[in-house]
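Colleague: I am new to this structure and would be grateful for a close look at a single part of it, the enclosed space inside the protein. Please set that part in the context of the whole chain.

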Amino acid sequence: LVGLFNSSETVEREEFSRYAAALQLDKNYPGILGAGYIKTIAPAEQNAHIAAMRAQGFAQYILWPGGERNLYSAVSYFEPWNEENKRTLGFDVLADPVRAAAALRARDTSRITVTNRIARLLAVSGPDTESGVFFFAPLYRRGVALYSLDSRQTALEGWVYLPLKMKTVMDNYLLS
């Protein structure tokens with residue numbers, strides 16, 4: 001996923017969707033709920049971001065949960081685009097301490113990181129709810145030297161991420 005973003009000036013929703021579909025995550029990696037892109041948003045950019053998302057056809061789009069923060073983020077793409085995954089659109093991972101800790105650690109180290117256990121995944125509902133983890137990989141502006149913590153923090157544009165259902169992963173990889 002990082003390679004997709006690094007090889008394109010901008011990755012549009014349709015391009016992301018085609019790429020994620022080609023990965024066949026559900027077939028090749030049971031337990032991975034999908035692939036997503038999270039955009040970082042400065043407080044002054046919130047209204048422009050919301051307007052841009054609404055212009056893409058998401059008339060009721062909001063950033064959630066509410067609250068004031070120094071930096072916002074928003075799940076902007078998540079594939080496969082099904083009813084369960086749609087409920088993640090606009091979610092600010094930086095508002096959740098467990099997700100934020102891993103996302104910011106990924107930003108600061110320029111490495112893929114994993115969250116601690118998350119008791120309830122947003123894209124899972126009904127009797128199949130199970131805990132899981134998220135993997136985050138940072139995305140930076142092109143052409144920026146990432147040698148210092150400050151440069152990585154300043155150059156961050158977002159993350160790609162994969163949420164995993166732990167029981168499903170365990171059942172398919174460790175117990176089979």
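In what order do the elements of the chain run from the N terminus on? Which residues line the largest cavity?

Modeller: The model is a predicted one. From the N terminus on, its elements follow the order α-α-α-β-α-β-α-α-β-β-α-β-α. The chain has a radius of gyration of 16 Å, close to the 16 Å that the globule rule gives for 176 residues, so it is as compact as a globular protein of that length. In total there are eight helices and five strands. Along the principal axes, the C-alpha atoms of the chain fill a box of roughly 45 × 40 × 30 Å.

Two further values describe the packing of the chain. Of its 176 residues, 44% are buried. When contacts between residues at least 6 apart in sequence are considered, 61% of them join residues at least 24 apart. Towards the outside, the chain exposes about 9,600 Å², and carbon and sulfur atoms supply 54% of that area.

The cavity itself can now be described. The count comes to one cavity of 30 Å³ or more, and the volume of the largest cavity is about 90 Å³. Its lining consists of 13 residues, and those that lie nearest the centre are Thr-88, Leu-122, Phe-134, Tyr-161 and Pro-163. By character, the lining divides into 11 nonpolar residues, one polar residue and one charged residue. Strand S2 (72-79) and strand S5 (156-165) each supply at least two residues of this lining.

Strand S2 also leads to two features of the backbone. As general background, most peptide bonds are trans. The bond from Trp-64 to Pro-65, however, is cis, with omega near -5°; Pro-65 lies in the loop between helix H4 (46-55) and S2. A second cis peptide bond joins Glu-79 to Pro-80, with omega near 5°. Pro-80 is placed in the loop between S2 and helix H5 (83-86). Loops that adjoin S2 thus hold both Pro-65 and Pro-80.

Two other loops contain residues with an unusual sign of phi. In general, most residues other than glycine have a negative phi. Gln-24 has a positive phi, near 50°, and is not a glycine. Gln-24 is found in the loop between helix H2 (13-23) and helix H3 (25-28). With a relative accessible area of 37%, Gln-24 counts as partly exposed, because that class covers values between 20% and 50%. Ser-110 likewise has a positive phi, of about 60°, although it is not a glycine. The loop that holds Ser-110 runs between helix H6 (97-109) and S3. The relative accessible area of Ser-110 is 35%, so Ser-110 is partly exposed as well.

The loop that follows S3 offers a contrast in accessibility. Glu-130 lies between strand S3 (113-114) and strand S4 (132-140), in the loop that joins them. The relative accessibility of Glu-130 is 16%, so this residue counts as buried, the cut-off being under 20%. Glu-130 and Arg-117 are 13 residues apart in sequence, and their C-alpha atoms are 10 Å apart in space.

To return to the part requested, the largest cavity has a volume of about 90 Å³, and 11 of its lining residues are nonpolar.

Technical notes:
Residues numbered from 1 in each chain as written. Predicted model: local features only at pLDDT ≥ 70, side-chain atom pairs only at ≥ 80, totals over all residues. Heavy atoms only, no water. 1 Å grid on protein atoms, 1.4 Å probe; cavity = no way out; pocket = protein on both sides within 12 Å on 5 of 7 lines; lining within 4 Å. Points joined across faces, edges and corners; volume = space filled by probe spheres on them. Helix = DSSP H or I, 4+ residues; strand = E, 2+ residues; numbered from the N terminus. Nonpolar A, V, L, I, M, F, W, Y, C, P; charged D, E, K, R; others polar. Rg over C-alpha atoms; globule rule 2.2 N^0.38 Å. Buried < 20%, exposed > 50% of the residue type's maximum accessible area, 1.4 Å probe, protein only. Contact = heavy atoms within 4.5 Å. Areas by Shrake-Rupley, 256 points an atom, 1.4 Å probe, with all protein chains shown as cover.
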